[in-house]
Structure formats: C-alpha cells, structure tokens
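Reader: I am new to this structure and would like to go through it step by step. Could we begin once it is on the screen?

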Amino acid sequence: IHHQPTADKTLAQQRILAERSARKNRLHKNRSHPKEIEREEIQMTDIYHLLAPQLAQYGLSANQAMTTEFECECSILSPILSTQQQIKQLRAQGHRIGFISDMYLPTAVVHQILETNGFLAPKDFLYVSSDIGYTKGSGNLFRYACAQLTLTTAKLHHTGDHINPDVR
C-alpha cells in the first residue's frame, strides 16, 4: 500500500529543497555579478523567501514558519558537556573565548542558543556567517574575525567538529 506523504513531511522536504536552491542561487549570483561583494553564506530569509509559496498553500506565512524553526532549534539543541568544560577551563586560564559559526540562522538566534546553554559569557565574541557573509570553509570568516580582533590567524586556536570548514 502506498501512502500519501503528510503535510508535515511534504513541508519538511520543501524546506530542504528551498535551502539547497538558496545555496545554488547564491553561487549563481556570485558568478553572474562578479563586481558585487561576494556573499558566501545564505540567510534564513533566503530560504523562506523561496519557501513562501508552498507555505501559503497551508495558510502559513514565511515569518511564522521562520519563528517556529528558530524555536525548534533553540529547544532541541543541548550542550556537549566536554566542550563546555573545556571552554570554562580556558576562560579560567585567562584565554579570550569566541564563537565562529557557519550557520544560516541570524546571530541573535545563535547568541540566544549559546547563552541559554551556558556557553557565552559577556566578554566573548561571536561571528556568524549568515550575517557577515563569509564562511569558515573558505577561511574568510576566520580572517574576518582575526581582523576585527586585531589578531593574526596564527594566534587563533580553533576547535570544531567538521573536517572541512573547521580543520582544512
């Protein structure tokens, strides 16, 4: 027996496709407008701009759906305790702590998530690719953060969990 997908599954699939399309559109725009400032990362609004017609079929607005996604992200994330402990130790040793994130979520949402989960302290810095436009994968987000902090990249120690943007 073949079952029709539920509205939830359909919208979830459309959300994934909208993000992929937003990323492809960003690449195409960067290639077709080389004199404009190249923006490497998409924003949540890029995704929901593309998803708005599908959402409207269900009587939902893009703003409502984005707010719901923000709330879901905030509610399901939980801290990695070993990382949290490492950060506390580094802070206690006098190290300056910062967070550099490749993420389409706005900085305010990432800030809230980090603060709620006990990571962010008042003197920490936070750079999020969606608002800055650069990504870790290109190295440009690291260079941007270092320029803002007047550090050389050699003075930056980074810990991450993804081999491409965090290590390479």
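Author: The conversation below covers the overall make-up, the nonpolar cores, the pockets and two single residues. Please keep in mind that this is a predicted model.

Reader: How many helices and strands are there in the protein?

Author: The protein has 8 helices and 2 strands. Read from the N terminus, the order of the elements is α-α-α-α-β-α-β-α-α-α.

Reader: And what percentage of the residues count as buried?

Author: Of the 168 residues, 33% count as buried. The protein exposes about 11300 Å², and 54% of that area is supplied by carbon and sulfur atoms.

Reader: Among contacts between residues at least 6 apart in sequence, what share joins residues at least 24 apart?

Author: That share is 64%.

Reader: Let us turn to the interior. Which residues of the largest nonpolar core touch the most other members?

Author: This core has 26 residues, and those touching the most other members are M44, I47, Y48, L55, F99, L105 and L114. Two or more residues come from each of α1, α2, α3, α5 and β2, the last of these spanning 125-128. Helix α2 gives the largest share, 5 residues. As general background, nonpolar side chains tend to be buried together in soluble globular proteins.

Reader: What does F99 touch, leaving out residues up to four places away in sequence?

Author: With those left out, F99 touches I87, L114, F119, L120, D124, F125, L126 and Y127. One of these contacts, Y127, also belongs to a second, separate core of 7 residues, which includes F142, A145 and L149 as well.

Reader: Now the pockets. How much space lies in the largest one?

Author: About 1400 Å³ lies in the largest pocket. Its lining consists of 39 residues, and T83, F99, I100, L114 and T159 lie nearest the centre. The elements giving two or more residues to this lining are α4 (81-92), β1 (98-101), α5 (107-116) and α8 (163-167).

Reader: How does that lining divide into nonpolar, polar and charged residues?

Author: For the largest pocket, the lining has 19 nonpolar, 12 polar and 8 charged residues.

Reader: And the second largest pocket: which residues are closest to its centre?

Author: Those are Y48, L55, A65, T68 and E69, out of 14 lining residues. About 270 Å³ of space lies in this pocket. Helices α1 (7-32), α2 (44-56) and α3 (62-76) each supply at least two lining residues, and α3 provides the largest share with 7. By class, the lining of the second largest pocket comprises 9 nonpolar, 2 polar and 3 charged residues. Both Y48 and L55 appeared earlier, among the residues of the largest nonpolar core with the most contacts to other members.

Reader: A different topic, then. What is the phi of T150?

Author: T150 has a positive phi of about 50°, although it is not a glycine. In general, most residues other than glycine have a negative phi. T150 is found in the loop between α7 (140-149) and α8.

Reader: Is T150 buried or exposed?

Author: T150 counts as exposed because its relative accessibility is 72%, and the cut-off for exposed is over 50%.

Reader: Finally, where is L90 placed, and why does it count as partly exposed?

Author: L90 is in helix α4. It counts as partly exposed because its relative accessibility is 27%, which lies between the 20% and 50% limits. Not counting residues up to four places away in sequence, L90 touches H95 and I97.

Terms used:
Residues are numbered from 1 along each chain as its sequence is written. This is a predicted model: local features need pLDDT of at least 70, side-chain atom pairs count only at pLDDT 80 or more; totals for chains, interfaces and linings use all residues. Side-chain values use heavy atoms; hydrogens and water are left out. On a 1 Å grid over the protein atoms alone, a cavity is a set of points where a 1.4 Å probe fits but cannot get out, and a pocket is an open set with protein on both sides within 12 Å along at least five of seven lines; lining residues have an atom within 4 Å of a point. Grid points are joined across faces, edges and corners, and a volume is the space filled by probe spheres set on the points. Helices (H or I, at least four residues) and strands (E, at least two) are DSSP runs, numbered from the N terminus. Ala, Val, Leu, Ile, Met, Phe, Trp, Tyr, Cys and Pro count as nonpolar, Asp, Glu, Lys and Arg as charged, and the others, Gly among them, as polar. Buried means under 20% relative accessible area, exposed over 50%, partly exposed in between (1.4 Å probe, protein chains only). Contact means heavy atoms within 4.5 Å. Accessible areas come from the Shrake-Rupley method with a 1.4 Å probe; for residues, only the protein chains shown count as cover. A nonpolar core is a set of buried Ala, Val, Leu, Ile, Met, Phe, Trp, Tyr and Cys residues joined through side-chain atoms within 4.5 Å.
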